[in-house]
Amino acid sequence: MILWVDDEIDLLRPHILFLNEKGYEVTTATNGNDAIDLITKSRFDIVFLDENMPGPSGIQTLGKIKTVVPEIPVVMVTKSEDEGIMEEAIGSKIADYLIKPVNPNQLLLTLKKNLEQLRIITEKTNLSYQQEFRNIGMTLNEKLSAEEWTEVYKKLIYWELELENIQDKSMYDILAMQKNEAGLQFSRFVEQNYLKWLRQPDDKTPVLSHQIFKKKVIPVIDQSEVPVFLVLIDNLRFDQWKVIQPLIGNYFNLNEESAYFSILPTATQYARNAFFAGLMPSEIEKRFPKMWFNDDEDEGKNLNEEFFLAEQFKMYGKQVKFSYIKITDLDKGKLLADNVSQLMQNKLNVIVYNFVDMLSHARTDMKVIRELAEDESAYRSITRSWFEHSPLFDFLQKLSENPCRLIITTDHGTIRVKEPSKVIGDRNTNTNLRYKQGKNLSYEKKDVLEIKNPADALLPRLKLSSTYIFIKHDKFFAYPNNFNYYVNHYRNTFQHGGISPEEMIIPFCLMGSKG
């Protein structure tokens, strides 16, 4: 039902008849006071409100309407094109703004936009995905390269974000099935190609963790006349990047949105050390034996990233004045924005932000967080909410006032695990749910990529007969002697360390400040 408020309502009868013919019921009022009375007694879907009326003005009436029914869309209709009136109306959260004389088709468009938008978007989005479903399905049947897998994964993320916001969820369920099939096929793709990428790389080999500085970061530094800021948000998946991108986009221009592949294990100890050292884990252990700690050692596994980065620059013959800052709590985050002018003196500033990794662990261990982030959509929503209110976003807003280049990236992603896979190991076997390192491991071979000789994957060997196994797709390891506990506690939690697009295909995004 429409409420139309105008002191010259009789002149609008042809428009009202037009709307009646289109199936809309219209109630009229000639002043703001009568409009408020009607709104308190009846339910209306939308209000057309004249700006210039005797008694309370349109702007005054608008304020009263929003007090009574805050959610109702109000369309301001006025003869005036005064910019001040427009800004005041927009600031009062109007749904639309029409200038008299109003065309009937303008009214119809406004009604469809405000009353039928969800239905129209749902129908169009479902139809578009139905067409794309076939294209993606045919693509998945082809022999894809790493670059093509990246494009397929980005398409699936795009449609996941599109479909989660519409009324009809049937297509979202179909997308989930297609995404599941893609995950299975991607796991087979990695199983067939991973060792070749390390030992016999060619032009189709993706950029991996230990190559990212050489191939992606150093060229930016060399070409930039302004300071470069590299922000590594631990555990940031591609879909999480996409939900925070619009916020960053208000302050920075996106120059490049690409991806690279995390090494295995897709775990911080391995992937991030490789990222900063420019070396694979076994090479780090060999070159810096006192700074590499295996899974069974108690020391912190990522305490030497600044040192590794300095050594990597030496390895490539680069003299770069850089800073390294790791943010692990709120207080350290708040100090960041105070140091922008000081950081502008460096050629490169590296900021490691650990919140998203802490969120995934908290979701596993804390019931309240698990309830807040019960599925992928909610997990993304919490990520966006955190970022929007974080000291990191405050820092980026302040940074954008200066000429600079900004890189947003991560070291690995995470996947929501669903099905257990039984594994047996000795007491020295590591505890990660997505990969295991140990001797005499017993496991379901179909569920894993097994590396019997760690040297083949450039990984350290814990013991003489140590084997690495990486679980594929959305499974997780569970011990038979405590099977029910593992299943109940870890199913539907977000984990990393294994093989999946979510963990391995990770964002590398280059931006420039708009100033």
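This briefing covers selected strands, helices and backbone features of the structure above. The model is predicted. An open sheet of 3 strands has the order S14-S12-S17, and helix H20 lies across S12 and S17. Strand S16 is largely enclosed by the rest of the structure, because 5 of its 5 residues are buried. Elsewhere, the peptide bonds from Lys100 to Pro101 and from Leu264 to Pro265 are cis.

**The sheet S14-S12-S17**

- Pairing in this open sheet of 3 strands is mixed.
- Strand S14 (442–443) and strand S17 (475–478) stand at the edges, and each has a single partner strand, so one side of each is left without a neighbour in the sheet.
- Strand S12 (residues 419–424) and S17 run parallel and are joined by 4 bridges.
- Within this pairing, Pro420 stands opposite Phe476 in S17.

**Pro420 and its surroundings**

- Pro420 belongs to strand S12.
- With a relative accessible area of 18%, Pro420 is buried; the cut-off for buried is under 20%.
- Apart from neighbours within four places in sequence, Pro420 is in contact with Phe476, Ala478, Phe483, Val487 and Arg491.
- One of these contacts, Val487, is a buried residue of helix H20.
- Glu162 is 258 residues from Pro420 in sequence, and the two are 30 Å apart in space, C-alpha to C-alpha.

**Helix H20**

- H20 spans residues 483–490, and its residues Tyr486, Val487 and Tyr490 are buried.
- Seen down the axis of H20, the buried residues fall within an arc of 100°, so they line one face of the helix.
- Asn484 and Asn488, on the other side of H20, are exposed.
- H20 runs at about 145° to S17 while lying across both S12 and S17.
- Asn492, just after H20, takes a positive phi of about 70°.

**Strand S16 and its partners**

- Strand S16 covers residues 467–471.
- Its side chains are split between two directions: Thr467, Ile469 and Ile471 point one way, Tyr468 and Phe470 point the other way, and all are buried.
- Strand S13 (residues 435–438) runs antiparallel to S16, and 4 bridges join the two.
- Strand S15 (residues 448–451) also pairs with S16 in the antiparallel sense, over 4 bridges.
- Phe470 in S16 is the bridge partner of Tyr435 and also of Leu449.

**Packing of H18 and H19**

- Helix H18 (residues 376–388) packs against helix H19 (residues 391–399) at an angle of about 55°, with the axes 6 Å apart.
- That angle makes H18 oblique to H19.
- Trp386, Phe387 and Glu388 in H18 meet Leu392, Phe393 and Leu396 in H19.
- The residues of this contact divide into 5 nonpolar, no polar and 1 charged.

**Backbone features in loops**

- Most residues other than glycine have a negative phi, and most peptide bonds are trans.
- The peptide bond from Lys100 to Pro101 is cis, with omega near -5°.
- Pro101 is in the loop between strand S5 (96–99) and helix H5 (104–115).
- A second cis peptide bond, with omega about -5°, joins Leu264 and Pro265.
- The loop holding Pro265 runs between strand S7 (252–261) and helix H11 (268–277).
- Asn235 has a positive phi, near 75°, and lies in the loop between strand S6 (228–233) and helix H10 (238–249).
- The relative accessible area of Asn235 is 0%, so Asn235 is buried.
- His473 has a positive phi near 55° and is found in the loop between S16 and S17.
- His473 counts as buried because its relative accessibility is 9%.

Key:
Residues numbered from 1 in each chain as written. Predicted model: local features only at pLDDT ≥ 70, side-chain atom pairs only at ≥ 80, totals over all residues. Heavy atoms only, no water. Buried < 20%, exposed > 50% of the residue type's maximum accessible area, 1.4 Å probe, protein only. Arc of directions from axis to C-beta. Pairing = 2+ DSSP bridges. Contact = heavy atoms within 4.5 Å. Axes fitted to C-alpha atoms, helices over the stretch in contact; angles between N-to-C directions. Parallel < 35°, antiparallel > 145°, perpendicular 65-115°, else oblique. Nonpolar A, V, L, I, M, F, W, Y, C, P; charged D, E, K, R; others polar.
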